[in-house]
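Work through the exercises below with the sequence and the model open. Each task is followed by a solution in steps.

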Amino acid sequence: MEIDGVGKVLITRVLGRNGRERMEVTGSAYLSATGQAANRQVDRTLRGFAHVMASAASR
């Protein structure tokens, strides 16, 4: 899926050899032109992704 002006994300549903399903996420996003703002964007994204993963793991 391409999100105009933001980036792209691809999520693939995979069936493992052990029969357990997982999703693989590949993506890219445009960062701010300034280093400090770009660092904040990366930090926020990683924290958000970690929250989603932790939430999924607890179910």
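A pocket is found on a 1 Å grid over the protein atoms alone: it is an open set of points where a 1.4 Å probe fits, with protein on both sides within 12 Å along at least five of seven lines, and lining residues have an atom within 4 Å of a point. Grid points are joined across faces, edges and corners, and a volume is the space filled by probe spheres set on the points. The model is predicted: local features need pLDDT of at least 70, side-chain atom pairs count only at pLDDT 80 or more, and totals for chains, interfaces and linings use all residues. Residues are numbered from 1 along each chain as its sequence is written, and side-chain values use heavy atoms, leaving out hydrogens and water.

**Exercise 1. Describe the second largest pocket: volume, lining and residue classes.**

Step 1. The volume of the second largest pocket is about 250 Å³.

Step 2. Its lining consists of R20, E21, R22, M23, E24, V25, F49, M53, A56 and A57. Strand 3 and helix 1 each give two or more residues to this lining, and strand 3 gives the most, with five. Helices (H or I, at least four residues) and strands (E, at least two) are DSSP runs, numbered from the N terminus.

Step 3. Sort the lining by class, with Ala, Val, Leu, Ile, Met, Phe, Trp, Tyr, Cys and Pro as nonpolar, Asp, Glu, Lys and Arg as charged, and the others, Gly among them, as polar. The second largest pocket then has six nonpolar, no polar and four charged residues.

**Exercise 2. Do the same for the largest pocket.**

Step 1. The largest pocket has a volume of about 430 Å³.

Step 2. Its lining comprises 17 residues, and K8, G27, S28, A29 and T45 lie nearest the centre. Two or more lining residues come from each of strand 2 (7–15), strand 3 (21–29) and helix 1 (35–57).

Step 3. By class, 10 residues of this lining are nonpolar, six are polar and one is charged.

**Exercise 3. In which order do the strands lie in the sheet, and how do they pair?**

Step 1. List the elements: the protein chain has one helix and three strands, in the order β-β-β-α from the N terminus.

Step 2. Two strands pair if DSSP finds at least two bridges between them. Strand 1 (residues 2–3) is joined to strand 2 by two bridges, with E2 opposite K8 and I3 opposite G7. Strand 2 and strand 3 are joined by nine bridges, and V14 stands opposite R22.

Step 3. The result is an open antiparallel sheet in the order 1-2-3. Strand 1 and strand 3 are its edges, each pairing on one side only.

Step 4. Check the turns. Three residues separate strand 1 from strand 2 in their hairpin, where G5 has a positive phi of about 75 degrees. In the hairpin of strand 2 and strand 3, five residues lie between the strands and G19 takes a positive phi near 90 degrees.

**Exercise 4. Compare the chain with a compact globule.**

Step 1. The globule rule is 2.2 Å times the number of residues to the power 0.38, and the radius of gyration is taken over C-alpha atoms. For 59 residues a compact globule would have a radius near 10 Å, whereas the protein chain has 15 Å.

Step 2. The C-alpha trace spans about 45 × 25 × 15 Å along its principal axes.

Step 3. Of the 59 residues, 8% count as buried, meaning under 20% relative accessible area with a 1.4 Å probe and protein chains only.

Note on methods. Buried means under 20% relative accessible area, exposed over 50%, partly exposed in between (1.4 Å probe, protein chains only).
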